[in-house]
Amino acid sequence: MQTLGVGIIGLHHLHPVDYLPHFEAIPQTEVRAIAEADRAYLDRVCGETGLPGYADYKALLERDDIGLVVIFLPHSECPEAVERAADAGVHAIVEKPMADTSDGIRRMIAATEKAGVLLSAPYTWRVHPAARQIKRLIDEGVLGEIVALEGRCAAGSPMRYLENGISPWLVRKATAGGGPLHNLGVHWIDLFRWFLREEVASVTGMVSHIQHRLDVEDSSFGILRFTGGATAALDISYSVPKFFPAGRDLFISVRGTQGTLSWSPAWGGTADEVFIVSDHPDYIDGPVRTLQIGSRAVPGYGGISGLAYLHETAEAMLAGRRPEVTGIDGLRALEVVEALYESSETGRAVSVG
């Protein structure tokens with residue numbers, strides 16, 4: 001069996017170490033090295049994991065046993081890292097939202113296409129068991145024509161990025177690109193694009209800095225109009241109190257001409273419920289249903305979703321075929337965020353792209 005050698009680039013993020021159990025669980029992958037400019041932090045993680053470390057990721061890219069790098073650098077530094085990986089003939093997974101600007105993602109796409117290597121981003125909600133079930137219901141017409149969607153992702157205070165000392169760059173616009181809309185909202189934007197297989201045509205947005213008064217926003221709201229006419233509402237923030245269960249307030253709703261469904265994702269849990277009410281003929285004997293969706297407990301970022309994303313993406317890269325989530329998907333999500341920021345500044349609706 002062919003093995004994909006993996007290198008981790010960047011440790012000053014909340015997720016890199018949480019990806020290691022997933023790669024250990026995937027037979028086709030093996031993490032072989034870590035790169036981090038903070039030598040003390042690098043030595044600590046290497047001591048805990050037994051992996052070799054490099055203070056300069058360019059040295060990691062010189063190894064001939066690395067076929068994939070997973071990049072967790074500050075968003076503003078990711079485009080150059082992908083370009084160097086592409087020059088080395090190495091595939092790349094870049095932690096969402098991939099870059100501080102959409103132009104940065106365009107650089108990544110150009111570099112990887114020129115080099116003939118593959119590019120992806122961990123939009124793991126697409127492979128969540130409940131999200132896959134919702135996608136099937138939409139595709140089967142159980143809800144009819146989709147007319148509206150709603151997504152809420154409220155996470156904890158951004159002060160945690162400063163207090164933990166691991167990723168203070170996430171609250172600086174110059175390095176992060178933005179706040180929760182930029183860092184978290186892209187998940188729901190990508191998920192809604194995937195549900196509908198449509199692009200966002202125009203947006204209206206508003207952001208607020210009132211709660212924490214940092215360089216990046218702490219609350220954001222958006223109205224998205226898709227090319228097929230459906231409308232989506234986003235409520236994305238760093239606003240939940242410290243003791244909020246699992247530190248996340250998550251909600252998804254999809255409404256169509258024949259039905260509606262709602263889902264409050266169990267962050268880090270293994271049991272989800274999707275509530276459906278449908279006038280579809282196939283539901284005449286049970287127009288009101290609650291789907292119980294269980295998944296096995298999996299250590300690592302995102303649980304079963306993180307594992308499924310990495311497994312499927314690694315298989316695609318080993319086979320030389322396009323992964324489910326591409327650089328274009330990352331670009332489209334960030335273009336929507338940038339349009340929402342522009343709308344907030346101008347007070348007008350903004351076309352996307």
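The questions and answers below go through a predicted model, its cysteines, its strands and two of its helices.

Reader: How are residues numbered, and what pLDDT do local features need in this predicted model?

Author: Residues are numbered from 1 along each chain as its sequence is written, and side-chain values use heavy atoms, with hydrogens and water left out. In this predicted model, totals for chains, interfaces and linings use all residues, side-chain atom pairs count only at pLDDT 80 or more, and local features need pLDDT of at least 70.

Reader: How many disulfides are there?

Author: A disulfide is a pair of cysteine sulfur atoms within 2.5 Å. By this rule, C46 is in no disulfide, since the nearest cysteine sulfur, that of C78, is 19 Å away. C78 is likewise in no disulfide, with the sulfur of C46 as its nearest at 19 Å, and the count of disulfides is zero.

Reader: Is C78 buried or exposed, and what is its relative accessible area?

Author: Buried means under 20% relative accessible area, exposed means over 50%, and partly exposed lies in between, with a 1.4 Å probe and protein chains only. C46 falls under the buried cut-off at 12%. C78 is buried too, with a relative accessible area of 1%.

Reader: Where does helix α9 bend?

Author: Helices (H or I, at least four residues) and strands (E, at least two) are DSSP runs, numbered from the N terminus, and by this reckoning α9 covers residues 180–196. The bend at a residue is the angle between axes fitted to the seven residues ending there and the seven starting there. In α9 this angle is about 40°, and the residue where the helix bends is V186.

Reader: Why is α9 described as largely enclosed by the rest of the structure?

Author: The helix has 17 residues and is followed by R197, whose phi is positive, near 55°. The description as largely enclosed rests on burial, because the number of buried residues in α9 is 17 of the 17.

Reader: Which residue in β12 stands opposite R255?

Author: Two strands pair if DSSP finds at least two bridges between them. Strand β11 (residues 248–256) has seven of its nine residues buried, and nine bridges join it to strand β7 (residues 146–156) in the antiparallel sense. On β11 and strand β12 (residues 259–263) there are four bridges, again antiparallel, and a hairpin of two residues joins these strands. Opposite R255 in β12 stands T260.

Reader: How far apart are the C-alpha atoms of D249 and A154?

Author: D249 lies in strand β11. Contact means heavy atoms within 4.5 Å, and, leaving aside neighbours within four places in sequence, D249 is in contact with R152, C153, A154, V240 and F244. Although D249 and A154 are 95 residues apart along the chain, their C-alpha atoms are separated by 5.0 Å.

Reader: What angle does the direction of helix α10 make with that of β5?

Author: An open sheet of six strands has the order β3-β2-β1-β4-β5-β6, with parallel pairing, and its edge strands, β3 (53–54) and β6 (119–120), each pair on one side only. Helix α10 (residues 304–319) packs on this sheet, touching β1, β2, β4, β5 and β6. Axes are lines fitted to C-alpha atoms, for helices over the stretch in contact, and angles run from 0 to 180 degrees between N-to-C directions. For α10 and β5 the angle is about 160°.

Methods:
The expected span of a helix is 1.5 Å times one less than its number of residues.
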